[in-house]
Amino acid sequence: MGQFMDVHHGMQGITSDQLQEAHKADLAIEKDEGVHFERAWADPESGTVYCLSEAPSADAVQRIHERAGHKADEIHAVPLSV
């Protein structure tokens, strides 16, 4: 399992409740792909949302996001952390 940071653009004005709902949608189906979404962050002004997950692959992360209705614009492997 690797860690991945994905980025969503174009979500200007996202509220805390909307971020929570999007995260819940991912959590509801994440096990289907062996993914675990750990945390999400958002900047409503820029419309950028970030999600940190553990997953077998970036493709697995994308499949969950697509099914939940918010495809990621970028997915980056995070092989090192402190």
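Two strands pair if DSSP finds at least two bridges between them. Helices (H or I, at least four residues) and strands (E, at least two) are DSSP runs, numbered from the N terminus. Keep both in mind for this tour.

This is a predicted model, where local features need pLDDT of at least 70, side-chain atom pairs count only at pLDDT 80 or more, and totals for chains, interfaces and linings use all residues. Residues are numbered from 1 along each chain as its sequence is written, and side-chain values use heavy atoms, with hydrogens and water left out.

**Stop 1: strand E3**

Select residues 48-55, strand E3. Six of its eight residues are buried (under 20% relative accessible area with a 1.4 Å probe, protein chains only; over 50% is exposed, in between is partly exposed).

Now add strand E1, residues 2-8. Seven bridges join E1 to E3, and the two run antiparallel. Find Gln 3: Glu 54 in E3 stands opposite.

Next add strand E2, residues 36-43. E2 is also antiparallel to E3, again with seven bridges. Here Trp 41 stands opposite Tyr 50. Follow the chain from E2 to E3: they form a hairpin with four residues between them. In that turn, Gly 47 has a positive phi of about 80°.

**Stop 2: Val 7**

Go back to E1 and pick Val 7. Is Val 7 buried or exposed? It is buried, with a relative accessible area of 7%. Show its contacts (heavy atoms within 4.5 Å). Leaving out residues up to four places away in sequence, Val 7 touches Thr 48, Val 49, Tyr 50, Ala 72, Asp 73, Glu 74 and His 76.

**Stop 3: helix H2**

Select residues 58-68, helix H2. Ala 60, Val 61, Gln 62, Ile 64 and His 65 are buried here. What covers them? The cover includes E1, H1, E2, E3 and strand E4 (74-77). Just after H2, look at Gly 69, with a positive phi of about 95°.

**Stop 4: the cavity**

A cavity is a set of points on a 1 Å grid over the protein atoms alone where a 1.4 Å probe fits but cannot get out; lining residues have an atom within 4 Å of a point. One cavity reaches 30 Å³ or more. The largest cavity has a volume (the space filled by probe spheres set on the points) of about 60 Å³.

Which element gives the largest share of its lining? H1 does, with four residues. H1 (16-29) and E3 each supply at least two. Select lining residues including His 8, Leu 19, Asp 26, Val 49 and His 70.

Notes
On a 1 Å grid over the protein atoms alone, a cavity is a set of points where a 1.4 Å probe fits but cannot get out, and a pocket is an open set with protein on both sides within 12 Å along at least five of seven lines; lining residues have an atom within 4 Å of a point.
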